[in-house]
Structures are given as structure tokens and as C-alpha cells.
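User: Hi! I am new to protein structures and would like to learn how the labels are earned. Could we go through this one together?

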Amino acid sequence: VPFDQLDGFIWFNGEFVKWADAKIHVLTHGLHYASAVFEGERAYGGEIFKLTEHTQRLHESARILGFRIPWSVEEIDDACRQLLAKQGLQDAYVRPIAWRGSEMMGVSAQNNRINLAIAIWDWPSYFDPEQRLKGIRLDIAEYRRPDPRTAPSKSKAAGLYMICTLSKHAAEAKGYTDALMLDWRGRVAEATGANIFFVKDGVLHTPVPDCFLDGITRRTVIELARRRGIEVVERAIQPEEMESFEQCFLCGTAAEVTPVSEIGPYTFQVGEIPRLLMNDYAEEVRPGQRMAAE
Ligand code: PMP
């Protein structure tokens, strides 16, 4: 079944519409000029993990692109929860998206309506579960994360994903699962939809998110590691340093914690720390288990 023909509902500008009927006009500004921002969230056991943080980031992403979403954070949180229940899902992926509409055509779109839609579906694993256990293989992308003076890199803006899709497709064409993107200075940045961590001598190293998303999962993983007494260093990382790193993993809402076995010419073990954090994250996101642990 094509993805736009699923059963169920989409929350669309305040109403629940049938999944297949949630349509927009071809002259939508968001389509032509990428004036769109979105979120990716996951529900576990009927509860959306860090929902308000995601909704606040959605509002902030829109603000950075110069528009205001005409629903409050609280209203959006409520809509997400209502839709999750209406979809009858416990574990699910949640995708809110806001965009400029089709009332004016042209680069300037001062009077276009700001739209908001939310879709929720069953998306168990971003990376193939079997590959995840062995560690996934990444290519090194040709495109780089842009200088913050070149693009609004702190916004989860649809336009920034153009180079992610290009990089992921290029990696897949070569048999890799994903791509590592360097930043505009040539430093290690992130994967096409997830942040990256390395392990060396029992210490975690991760790039400073100064020109890409400081993921909510990234921050959660840092907290989980510190809770275990694992030191975390946020610093500039040069690609050549990957030679000396022992372990590596990606993290993001969709990817959760996913070990990496290869990045271009560099290889990593699927060692203890990625496995430990994979489990800690899985426990952290489950409301029941989190309460039991407290
Ligand atoms: N970087 C990019 C490019 C992403 O798309 C994502 C997923 N939203 C992340 C990092 C991780 O962010 P989060 O942990 O908030 O999902």
C-alpha cells in the first residue's frame, strides 16, 4: 500500500481527516521554496517521549524561518496525544509538519497561511534490526553541513534535508546504510538523520552541535552516559581521528541508539558502551520501566 493510502487519520489544521484525504495544493509555498519545518517523535507504551521538548523545537524551527505556528505548544501536544489514541497505537512514530500555504506565489509569502499537520504511524525500526546488532556501515558524504551563515542550521527545516537525501541515496547506491556528513570546516558533524558518538578509552566523544541539530536523543544519551559515570567530551572532531576511535554509534528519535561498524575506511567494534546505552535508552523511553526504576 502506498504510504499516502494508509488507513486512519491525520490531524490537519485542527481537524482529523482521513489519511488518504490529507492533501495540499501544488502551488504550496512549502513545496516550491521549502518553507516547512517538522519534528520526529516516538511514542512508547502510549506516551510520546519528550513531547513538549519536540513541540517547543517545532515552534522554534518556525520562528527561525520567520513564521509563527498558529497553535500553542500545549494545543499541539494535545493534538498529538489525541491522534495517537485515535490511531490506536502504543508504539509509533509522530510527524508534525508546519508550512507556508498556497495563497501567494513567489519567494515572498508574507500573507500565506501557516498550516500544521500531524501524522502518526507504526515505524518499529529506522535501521534494519539485524544490521543494527552488527553495526551499520556509513559512507562519507560529499555534501557538508552548511555554515550557519549559509543556512538556518538550528531549525529542523525541510530544506536542510535536501543534502541529506542526496547523501543517503549516494551511500545506498554504494551498498552503505547511511552517510556521515562533515561540516563546512571539514569536521565530523552527524549522519543524515541522527547525531554521532565515538568511544575511546572508555570516554565518549561527540561533535559540538554548532551547525547541526543538537538532538533531543543526543542530550538524553549524554545524560544517560553521565548517570553511569561515563565521561562525555563535546569537542571538534577531525575525520582522521576516526582511525583511533574504538566504537561508534548514531542516535536520534527514529534511529534510537544504533551501533556503527564502519565509516568509509574506518572500522569500529560493536562494543560494550554502545550496547549499554542502547539498553539504557530503551529503558528510559518506556514510561512503565522509567517509573519502576525511580
Ligand atoms: N540530526 C538530524 C539531521 C536529524 O534529522 C535528527 C532527527 N531529528 C537528529 C539529528 C536527531 O535529533 P533528535 O534526537 O532530536 O531526533
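User: Which residues come nearest to the ligand?

Analyst: Of the 14 residues around the ligand, the nearest are Lys156, Tyr161, Glu190, Thr217 and Thr253. To count as near, a residue needs one of its heavy atoms within 4 Å of the molecule. Please keep in mind that this is a predicted model, where local features need pLDDT of at least 70 and side-chain atom pairs count only at pLDDT 80 or more, while totals for chains, interfaces and linings use all residues. Residues are numbered from 1 along each chain as its sequence is written, and side-chain values use heavy atoms, with hydrogens and water left out.

User: What makes the pair between Lys156 and a nitrogen atom of the ligand a polar contact?

Analyst: The cut-off is a pair of N or O atoms within 3.5 Å; within protein, one must be able to donate a hydrogen and the other to accept it, and residues adjacent in sequence count only if both atoms are side-chain atoms. A polar side-chain atom of Lys156 lies 2.7 Å from a nitrogen atom of the ligand, so the pair meets the distance limit. Thr217 has a side-chain N or O atom 2.6 Å from an oxygen atom of the ligand. For Thr253, the distance from a side-chain N or O atom to a ligand oxygen atom is 2.6 Å. The protein covers 95% of the 390 Å² of accessible area that the ligand has on its own (by the Shrake-Rupley method with a 1.4 Å probe; for residues, only the protein chains shown count as cover).

User: How do you know that the length of helix α2 agrees with what is expected?

Analyst: Helices are DSSP runs (H or I, at least four residues), strands are runs of E with at least two, and both are numbered from the N terminus. The expected span is 1.5 Å times one less than the number of residues. For the 14 residues of α2 (residues 51–64) that gives 20 Å, and the end C-alpha atoms are 20 Å apart, so the two agree.

User: Why are the buried residues of α2 said to line one face?

Analyst: They are Leu51, His54, Thr55, Arg57, Leu58, Ser61 and Ala62. Seen down the helix axis, they fall within an arc of 155 degrees, so they line one face. The arc is that of the directions from the axis to the C-beta atoms. In general, an α-helix has 3.6 residues a turn, so residues three or four places apart point the same way.

User: Why is Arg57 called buried?

Analyst: Buried means under 20% relative accessible area, exposed over 50%, and partly exposed in between (1.4 Å probe, protein chains only). Arg57 has 15%, so it counts as buried. The side chains of Arg57 and Glu39 are joined by a polar contact of 2.7 Å.

User: What makes Glu262 partly exposed?

Analyst: Its relative accessibility is 23%, so Glu262 counts as partly exposed. This residue lies in strand β15 (residues 256–263).

User: Is Glu256 buried or exposed, and why?

Analyst: Glu256 has a relative accessible area of 13%, so it is buried. Glu256 is also in strand β15, and its phi is near 50 degrees, a positive value in a residue other than glycine. Most residues other than glycine have a negative phi.

User: Why is Asp201 called exposed?

Analyst: With a relative accessible area of 61%, Asp201 is exposed. Asp201 sits in the loop between β11 (195–200) and β12 (203–206), and its phi is near 50 degrees, a positive value.
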